[in-house]
Amino acid sequence: MSSAADGVDKRIRLVKTAFVTYFHADLKKARQFLLDFGLTVAQETLRVRSQTGESYFDGAAYVVESAHELERAAALPSSSSKTQDLAGSAGGKIATLTDPFDHKIHLIHGWRENQPSMPESQGLQKLTVNFEDSKPRKGRFQRFAPGPAPVFRWGHYGVSYPASDPQGYQKLFDWYTTTLTLSPSDILTRDGRPVTAFFHIDRGREYTDHHSFYFKAAKPHAAPSVTHAAFETHDFDVQQLGHQHLAAKGYRLCWGVGRHTIGSQVFDYWYDPSGFMVEHYADGDVVNCETGVGEMVAGREALAVWGPPLPEAF
C-alpha cells in the first residue's frame with residue numbers, strides 16, 4: 001500500500017511489535033498477576049509513584065527498520081519530541097507519535113532485545129495430533145504440567161475512538177495507513193459503514209501477523225482508550241492450563257477460551273488488578289501484501305467461531 005500519489009511509500013517502515021507500557025496504582029498486585037499470567041521479570045527499577053495514584057495505559061511500541069526511519073518519525077508533526085535514549089539497560093533510541101485521539105505510538109531502534117526462550121527449553125512440546133483417519137502418534141502420550149501459560153511475546157493491541165464522532169473511524173484509518181506501514185487485513189461494518197479495522201505490519205510479501213493493531217468505536221459517552229493487549233502463548237493446551245491457573249488464583253475472567261473468526265486465534269481474555277483487559281492467544285493467521293482485505297458485518301459471528309457467550313465488554 002502506498003501513501004503517495006506518485007507511488008512512493010513515505011510511511012514509517014515498521015519491523016515488528018516491541019512492547020506495551022502500563023502504569024499501575026498498585027504495582028505489587030499488578031506484578032503478581034503478570035507473573036501468574038506467564039510473563040517474567042526482565043528488569044526492575046525504582047520509580048517515583050505518581051501523586052495521582054492512577055493506573056493508565058501509556059502507549060505501544062514498534063521496532064522501526066533503521067535509525068533513518070526513526071529520525072523521519074521524530075520529524076513528523078505528530079511527534080511529541082526528538083529522538084531520545086530508550087530507558088533501561090537495553091539501549092536504543094525512541095520517538096513518540098500521537099494519533100488523532102492522543103493515543104501514543106512509540107517507535108524504537110537499536111535496542112538489545114532479549115531472545116525469547118524456545119518451547120523445548122520450557123518443557124513445551126510441538127504436539128503430534130492423532131486424527132480419525134491418521135494416527136501418527138504411536139506409543140507416545142500427551143502429558144502436560146499445570147501452571148501459568150508462558151508468554152512468548154506481545155503480539156497486538158487495540159484502541160478506541162469516540163462513538164460520538166462520525167469521522168472517528170476515518171480519522172484513525174487515514175492516520176495509521178499514511179503514517180506507518182500498517183495495512184488493513186479485515187474490516188467490520190455496521191449498517192453498511194466501517195466501524196472496526198484490523199491492521200497487519202506491511203512487509204510486502206513477507207508474512208506477518210494478521211493484526212498487530214486494531215481500532216473500534218468506544219462505548220457511548222466513553223473516552224477513547226486502550227481496549228486490550230494480547231500476548232502469544234505456545235498452543236491451545238497451554239492456554240487451557242493457563243486459564244485454569246488464573247481461575248484458581250481468583251482473577252477476573254473476561255471471555256474465553258474460544259476461537260476467533262477474524263485472525264483465527266484461540267483466545268482467552270482476563271482483567272488485571274487495575275481493570276485492564278489482557279489476552280492470551282495462540283494459532284493466529286499470518287498475511288502479506290497479496291492477501292485480500294476481508295469484510296464482515298460486526299457481531300458475534302465476526303468475533304468467535306466457538307466459545308462462551310459474548311460478554312458486555314465486546
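Q: Strands are DSSP runs of E of at least two residues, numbered from the N terminus; between which strands is the loop that holds H211 found?
A: The model is predicted. In it, H211 is found in a loop whose flanking strands cover residues 208–209 and 213–217. These strands are β9 and β10.

Q: Does H211 count as buried or exposed?
A: A residue is buried when its relative accessible area is under 20%. The relative accessibility of H211 is 6%, so H211 counts as buried.

Q: Which residue's side chain makes a polar contact with the side chain of H211?
A: Apart from neighbours within four places in sequence, H211 is in contact with G155, H156, F198, F199, H200, I262, G263 and Q265. The polar contact between side chains, at 2.8 Å, is with H210.

Q: How does K16 count by its relative accessibility?
A: K16 lies in strand β1, residues 14–23. The class between buried and exposed runs from 20% to 50%. With a relative accessibility of 34%, K16 therefore counts as partly exposed.

Q: Which residue's side chain is joined to that of K16 by a polar contact?
A: Not counting residues up to four places away in sequence, K16 touches Y62, V63, E113 and I201. R203, 187 residues away in sequence, has its C-alpha 9.5 Å from that of K16. The polar contact, of 2.8 Å, joins the side chain of K16 to that of E113.

Q: Within what arc do the buried residues of α1 fall?
A: Helix α1 spans residues 27–37, and A30, F33, D36 and F37 are buried in it. Seen down the helix axis, these buried residues line one face, because they fall within an arc of 125°.

Q: Which exposed residues does the face of α1 turned away from its buried side carry?
A: The buried residues of α1 pack against β11 (226–232), α4 (236–248), β13 (266–271) and β14 (277–282). After the helix comes G38, with a positive phi near 115°. The face turned away from the buried side carries L27 and K28.

Q: Which residues lie nearest the centre of the second largest pocket?
A: This pocket has a volume of about 870 Å³. Elements that each supply at least two lining residues include β6, β7, β8, β10 and α5. Of the 38 lining residues, those nearest the centre are Y214, K216, T227, A313 and F314.

Q: How many residues in the lining of the second largest pocket are nonpolar?
A: The lining divides by class into three groups. Six residues are charged and twelve are polar. The nonpolar residues number 20.

Note on methods: Residues are numbered from 1 along each chain as its sequence is written. This is a predicted model: local features need pLDDT of at least 70, side-chain atom pairs count only at pLDDT 80 or more; totals for chains, interfaces and linings use all residues. Side-chain values use heavy atoms; hydrogens and water are left out. Buried means under 20% relative accessible area, exposed over 50%, partly exposed in between (1.4 Å probe, protein chains only). Helices (H or I, at least four residues) and strands (E, at least two) are DSSP runs, numbered from the N terminus. The arc is that of the directions from the helix axis to the C-beta atoms. Contact means heavy atoms within 4.5 Å. A polar contact is a pair of N or O atoms within 3.5 Å; within protein, one must be able to donate a hydrogen and the other to accept it, and residues adjacent in sequence count only if both atoms are side-chain atoms. On a 1 Å grid over the protein atoms alone, a cavity is a set of points where a 1.4 Å probe fits but cannot get out, and a pocket is an open set with protein on both sides within 12 Å along at least five of seven lines; lining residues have an atom within 4 Å of a point. Grid points are joined across faces, edges and corners, and a volume is the space filled by probe spheres set on the points. Ala, Val, Leu, Ile, Met, Phe, Trp, Tyr, Cys and Pro count as nonpolar, Asp, Glu, Lys and Arg as charged, and the others, Gly among them, as polar.
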